[in-house]
Amino acid sequence: MTILVTGATGRVGRNVVQQLTQRGARVRVLTREPAKADFGDGVEVVQGDLLSIDALRAVFSGVRTLFLLNAVTGDEFTQVIITLNVAREAGVDRVVYLSVFDADRAVNVPHFAVKYGAERMLETMGFGATILRPSYFIDNEVMIKDVIVNHSVYPMPIGSKGVAMVDARDIAEVAAIELIRREAAPGPLPAETINLVGPDTLTGADAAAIWTEVLGRPVAYGGDDPSGFEANMATFMPKWMAYEMRLMAERYVSDGMIPETGDRERLTGILGRPLHTYRDFAAALVGKRAATA
């Protein structure tokens, strides 16, 4: 059988495909832009999107295991509803779904609410599913690198509660392990939820201190007020999305993203190695040393 990966050309999806192929899995990807799906001869690429019924029906042929990743879009929930209905019609009964940390509690943040709705669909429709709930992506720092380096300010309003930032490589490897585990099982396995977190729970001041160490000069934390963050995001994304990012940042400030007891130990047990650290990612981002695998 073949494992279908959606969102395959993004940060997480690309790593999921790589992890699956390294483990000998047969992989098919659905993408709007096949030219970006440069995965090599071993990966089947199908053009389409999650609102194209014909493409979905075709791409699910011969598939029983799905990695479902939806980008943050205005029609994200419609994509989920359509995809899961067509998947069930096609006989797919094993899913690994990329949700978000605290999806069931941060319901005022639109894409958190959408992902919790998808979790409820998976449960109610009887899919054997692993729900992956990642915290803030370390990889998001690529977007703010220039601000940090050129202005000596860490601009993300993540607050003082703490956020256990997670590396996309760790997310993807856990996803691949779960996909293969479910694909290899003789029948659907019980549903479960895994919090995906990093090894350190960092405040805004902590992140600024790490950048100070990495750059060898002072970097200040820009503070908890999300208004400037929203205005900056609105310069390169739709205003509704920038507002959504503000709501998410307000959630970081009010509640943080703090691991539950045993989350980190569970992840290192699954991976058989330590989790990637924020400091190592920051150092690699500015060329202080090569990124670790």
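# A chat about sheet, helices and salt bridges

Visitor: Quick one to start: is Lys-36 buried or exposed, or something in between?

Guide: Lys-36 is partly exposed, with a relative accessible area of 46%. Please keep in mind throughout that this is a predicted model.

Visitor: And which residue does Lys-36 form a salt bridge with?

Guide: The partner of Lys-36 is Glu-33, and the closest N and O atoms of this salt bridge are 3.2 Å apart. Glu-33 is likewise partly exposed, its relative accessible area being 42%.

Visitor: How many salt bridges are there in the whole structure?

Guide: A search of the whole structure gives 22 salt bridges. One of them joins Arg-169 to Asp-167, with 2.7 Å between the closest N and O atoms, and here Asp-167 is buried, at a relative accessible area of 0%.

Visitor: What about Asp-170, which residue does its side chain meet?

Guide: The side chain of Asp-170 meets that of Arg-273 in a salt bridge, at 2.8 Å from N to O. Asp-170 belongs to helix α6 (residues 168–184), whereas Arg-273 sits in the loop between α10 (263–271) and α11, so the pair ties together parts that are 103 residues apart in sequence. Of these two residues, Asp-170 is buried, with a relative accessible area of 3%, while Arg-273 is partly exposed at 21%.

Visitor: Which residues are linked with them in a network?

Guide: The network of salt bridges links Arg-23, Asp-170, Glu-173 and Arg-273.

Visitor: Changing topic to the sheet: what is the strand order?

Guide: The open sheet has seven strands in the order β3-β2-β1-β4-β5-β6-β8, and their pairing is parallel. At the edges stand β3 (43–47) and β8 (192–196), each of which has a single partner strand, so one side of each is left without a neighbour in the sheet. From one strand to the next, the twist averages 20 degrees.

Visitor: How many bridges join β1 to β4?

Guide: Four bridges join β1 (residues 2–6) to β4 (residues 63–68), and the two strands run parallel. Within this pair, Thr-2 stands opposite Val-63 of β4.

Visitor: Which strands does helix α1 lie across?

Guide: Helix α1 (residues 11–22) lies across β1, β2 (27–31), β3, β4 and β5 (94–98), and it runs at about 165 degrees to β1. Arg-11 is a residue of α1, and it is partly exposed, with a relative accessible area of 42%.

Visitor: What does Arg-11 touch, apart from residues up to four places away in sequence?

Guide: With those set aside, Arg-11 touches Phe-137, Asp-139, Asn-140 and Ala-168. As for Met-143, which is 132 residues apart from Arg-11 along the chain, the C-alpha atoms of the two are separated by 13 Å.

Visitor: Met-143 takes us to α5, so which residues of that helix are buried?

Guide: In helix α5 (residues 141–151), the buried residues are Glu-141, Ile-144 and Ile-148. Viewed down the axis of α5, its buried residues fall within an arc of 75 degrees, so they line one face of the helix. Met-143, Asp-146 and Asn-150, on the other side of α5, are exposed.

Visitor: What covers the buried residues of α5?

Guide: The cover includes β7 (153–154), α7 (204–215) and α11 (278–285).

Visitor: What sort of phi does Ser-152 have, just after α5?

Guide: Ser-152 has a positive phi of about 55 degrees although it is not a glycine. Most residues other than glycine have a negative phi. Ser-152 is placed in the loop between α5 and β7, and at 22% relative accessibility it counts as partly exposed.

Visitor: And Asp-102, what is its phi near?

Guide: Phi of Asp-102 is near 60 degrees, which is also a positive value in a residue other than glycine. This residue is found in the loop between β5 and α4 (110–124), and Asp-102 is buried, with a relative accessible area of 9%.

Visitor: Last topic, the interior: how many residues does the largest nonpolar core have?

Guide: The largest nonpolar core has 72 residues, and those with the most contacts inside it are Val-5, Phe-67, Tyr-154 and Tyr-278. A second, separate core has 24 residues, among them Phe-60, Leu-66, Leu-68 and Val-95.

Visitor: What is Phe-67 in contact with, leaving aside its neighbours within four places in sequence?

Guide: Phe-67 is then in contact with Leu-4, Val-5, Thr-6, Val-12, Val-16, Val-96, Leu-98, Ala-175 and Leu-179.

Definitions and conventions
Residues numbered from 1 in each chain as written. Predicted model: local features only at pLDDT ≥ 70, side-chain atom pairs only at ≥ 80, totals over all residues. Heavy atoms only, no water. Buried < 20%, exposed > 50% of the residue type's maximum accessible area, 1.4 Å probe, protein only. Arc of directions from axis to C-beta. Contact = heavy atoms within 4.5 Å. Core = buried A, V, L, I, M, F, W, Y, C linked by side-chain atoms within 4.5 Å. Pairing = 2+ DSSP bridges. Axes fitted to C-alpha atoms, helices over the stretch in contact; angles between N-to-C directions. Salt bridge = Lys/Arg side-chain N within 4 Å of Asp/Glu carboxyl O.
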